[in-house]
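Reader: I am new to this structure and would like to know what stands behind the words used for it. Please take the terms one at a time.

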Amino acid sequence: MNHDAYPDNYIRGILNSVKSIAMVGASPVNVRPSYFAFKYLAQRGYDMIPVNPGHVGKDLLGKPFVASLRDIGRPLDMIDIFRNSSHIMPVVEEALTLDPLPKVIWMQLGARDDAAAAKAEAAGIKVVMNRCPKIEYGRLSSEISWMGVNSRTLSSKRPPAPTQGMRLSINRMSVGGGDTAASDRAAKNKSEQS
Amino acid sequence: MSDRLPGFSTLAVHAGAQPDPTTGARATPIYQTTSFVFNDADHAASLFGLQAFGNIYTRIGNPTNAVLEERVAALEGGTAALAVASGHAAQVVVLQQLLQPGDEFIAARKLYGGSINQFTHAFKSFGWNVVWADPDDIASFERAVTPRTKAIFIESIANPAGSITDIEAISTVARKAGVPLIVDNTLASPYLIRPIDHGADIVVHSLTKFLGGHGNSLGGIIVDAGTFDWSAGGKYPMLSEPRPEYHGIRIQETFGNFAFAIACRVLGLRDLGPALSPFNAFMILTGIETLPLRMQKHCDNAKAVAEFLAGHPAVASVNYAGLPSDKYHQLARKYAPKGAGAVFTFSLKGGYDAGVSLVSKLQLFSHLANVGDTRSLVIHPASTTHSQLDDAAKTKSGAGPDVVRLSIGIEDKEDLIADLEQALSA
Ligand SMILES: Cc1ncc(COP(=O)(O)O)c(C=O)c1O
């Protein structure tokens, strides 16, 4: 996979097929991006599992924190890693010990580790780096258009009126564009510094 | 879903707009409301904290305006956009994200006279110091760069003389200096030139002109190309540092490649306040649907009128980059192959008085201070838009005393030529 520019169909395929998502680095602090991405994905119907050894014994929006991926004890479709680039590799290595393997490893906006990605891909796992699943879901459903963001999709269909906790169709026509080179550069620079 | 990507005219009609979920309305409704009801306290808090997608208050965002924003972002090939009350408001909001008091930005000397005024006087009072450079001399941009330079600002097709700017050459200077290139694409519109394809990091428009296109609504827009890394070098704290007004969120970290557009909305528009009326957004959106058709007709008419004027004995010279003899013709062929726009100047052998007389005799051309209307327009810049500049600055910005500016409309070109002919010979 070319990790500098993902085709919409690749992202769409992942978001349409996964159900359970373990979020590594999920924060109970309600102003952290991981908190609101977790909440959004839960509202859109994903089965969310918060992973953070510092918060075991508490829960996040009713879901109990677990200390590590191995503690989840059931098959996972996707692992969403909310950690800096320098902390990605150990999470990927742990993910590769799971049986069955997860189908997707997703690294958050700002996080990129090409070596870890190559390892996961060699094991047949799909990888997304330096993207936010909330932004991508919002973009492909065009929900994010409310903020003036170019969803890079079109549709002449009447969508259902959105309500909380509803899955939205993300199967709109793609129109291309959307350079992410700069944020990729920023993520790379950050991982080199850390 | 196929990989076939839709073309410009399809985007001009469809991008950003879908049938209204509640009513099925196919045209974009005018959401003429100041505010939007929250589902509950938690929803309100997450909207205010930038954690959820949705509307709060029309100064920050509005569904009609959002359609306009996505439409223009798509046409320009950007990641996101923010619509504001006017072209001038767009320029303030952009620079507020980039400059601290005492900082500098470099601007092309050939600009709309109102922008020259805004940069020289209003921005100076904010401590934002403009340094002028000559778009015909790329090295003058390089020489103007200092450690305090935060941005470079140019027009793709410059008002009033319709000269074409070498965007790629100036973007190379910007890249080397580590600052974003801002391009005012008002006179070209994305139909003729897409500055992002040539290295622009931010595009601004006065929507009042060709995009709206009918001379009925003021508006402005900022398009984020998503190409600039705001964290590099720590020069842009509004984007890279934690924002106290949003619980310490870092805008670039949270919003990635559309961070600049978000900063303009939540730090600029929210606090400075120049919001676009949803009614104007609707009018401008309707205009954009026919942008490709209108723009081509504007350009074809302009070329015919320029050719007529070039052959007229009362005319000393015509500045239209669409004419093969023009100084900017090669740049026009590179950047605007479909047409060199519809705003240009010519000078009269009879000087200032001949300019004033021509304007008074025209019957179809309207004498007013605007460009980019369906109607053909005429103005004598030296006595109007550029009157606040001294004579040297007038001439430098292409608006000397003998100069008349035209904005060619979409009427029948024979009628425009006949009107000019009677006014020139009378
Ligand atoms: C090239 C250009 N930029 C900016 C502006 C300012 O736009 P507005 O009048 O919408 O503030 C104008 C207006 O004439 C213009 O021609």
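Author: A residue is called buried if its relative accessible area is under 20%, and exposed if that area is over 50%. The model shown here is predicted.

Reader: Why is B:Leu50 called buried?

Author: The relative accessible area of B:Leu50 is 14%. The cut-off is under 20%, so B:Leu50 counts as buried. B:Leu50 lies in the loop between helix 2 (41-48) and helix 3 (63-76) of chain B. Its phi is near 65 degrees, a positive value in a residue other than glycine.

Reader: How do you know that B:Ser189 is buried?

Author: By the cut-off of under 20%: the relative accessible area of B:Ser189 is 0%, so this residue is buried. B:Ser189 belongs to helix 8 (residues 189-192) of chain B. For B:Ser189 too, phi has a positive value, near 65 degrees, and the residue is not glycine.

Reader: What makes strand 1 of chain B largely enclosed?

Author: Strand 1 covers residues 80-84, and 5 of the 5 are buried, so the rest of the structure largely encloses this strand. In a regular strand, side chains alternate between the two faces of the sheet. On one side of strand 1 of chain B are B:Ala80, B:Leu82 and B:Val84, on the other B:Ala81 and B:Ala83, and all are buried.

Reader: How do you know that strand 1 and strand 9 of chain B pair?

Author: Pairing needs at least two bridges. Strand 1 and strand 9 (residues 220-224) of chain B have 5 bridges between them, in the antiparallel sense. At B:Ala80, the bridge partner in strand 9 is B:Asp224.

Reader: What makes strand 2 and strand 4 of chain B a parallel pair?

Author: Strand 2 (residues 104-108) and strand 4 (residues 149-155) of chain B are joined by 3 bridges and run parallel. The pairing rule asks for at least two, so the two strands pair. B:Glu104 stands opposite B:Thr149 of strand 4.

Reader: Why are strand 1 and strand 3 of chain B said to stand at the edges?

Author: The open sheet of chain B has 7 strands in the order 1-9-8-7-4-2-3, with mixed pairing. Strand 1 and strand 3 (129-133) each have a single partner strand, so one side of each has no neighbour in the sheet. From one strand to the next, the twist averages 20 degrees.

Reader: What makes the approach of B:Asp184 to the ligand a polar contact?

Author: A polar contact is a pair of N or O atoms within 3.5 Å. An N or O atom in the side chain of B:Asp184 is 2.6 Å from a nitrogen atom of the ligand, so the pair meets the cut-off. A polar side-chain atom of B:Ser206 is 2.8 Å from an oxygen atom of the ligand, and a polar backbone atom of B:His88 is 2.9 Å from an oxygen atom of the ligand. The protein covers 92% of the 390 Å² of accessible area that the ligand has on its own.

Reader: Which residues come nearest to the ligand, of the 13 around it?

Author: They are B:Gly87, B:Asp184, B:Ser206, B:Thr208 and B:Lys209. By class, the shell has 1 nonpolar, 9 polar and 3 charged residues. Helix 4 (residues 87-98) of chain B gives the most to this shell, with 3 residues.

Conventions: Residues numbered from 1 in each chain as written. Chains lettered and ligands numbered in written order. Predicted model: local features only at pLDDT ≥ 70, side-chain atom pairs only at ≥ 80, totals over all residues. Heavy atoms only, no water. Buried < 20%, exposed > 50% of the residue type's maximum accessible area, 1.4 Å probe, protein only. Helix = DSSP H or I, 4+ residues; strand = E, 2+ residues; numbered from the N terminus. Near = heavy atom within 4 Å. Polar contact = N/O pair within 3.5 Å; in protein donor to acceptor, adjacent residues only side chain to side chain. Areas by Shrake-Rupley, 256 points an atom, 1.4 Å probe, with all protein chains shown as cover. Nonpolar A, V, L, I, M, F, W, Y, C, P; charged D, E, K, R; others polar. Axes fitted to C-alpha atoms, helices over the stretch in contact; angles between N-to-C directions.
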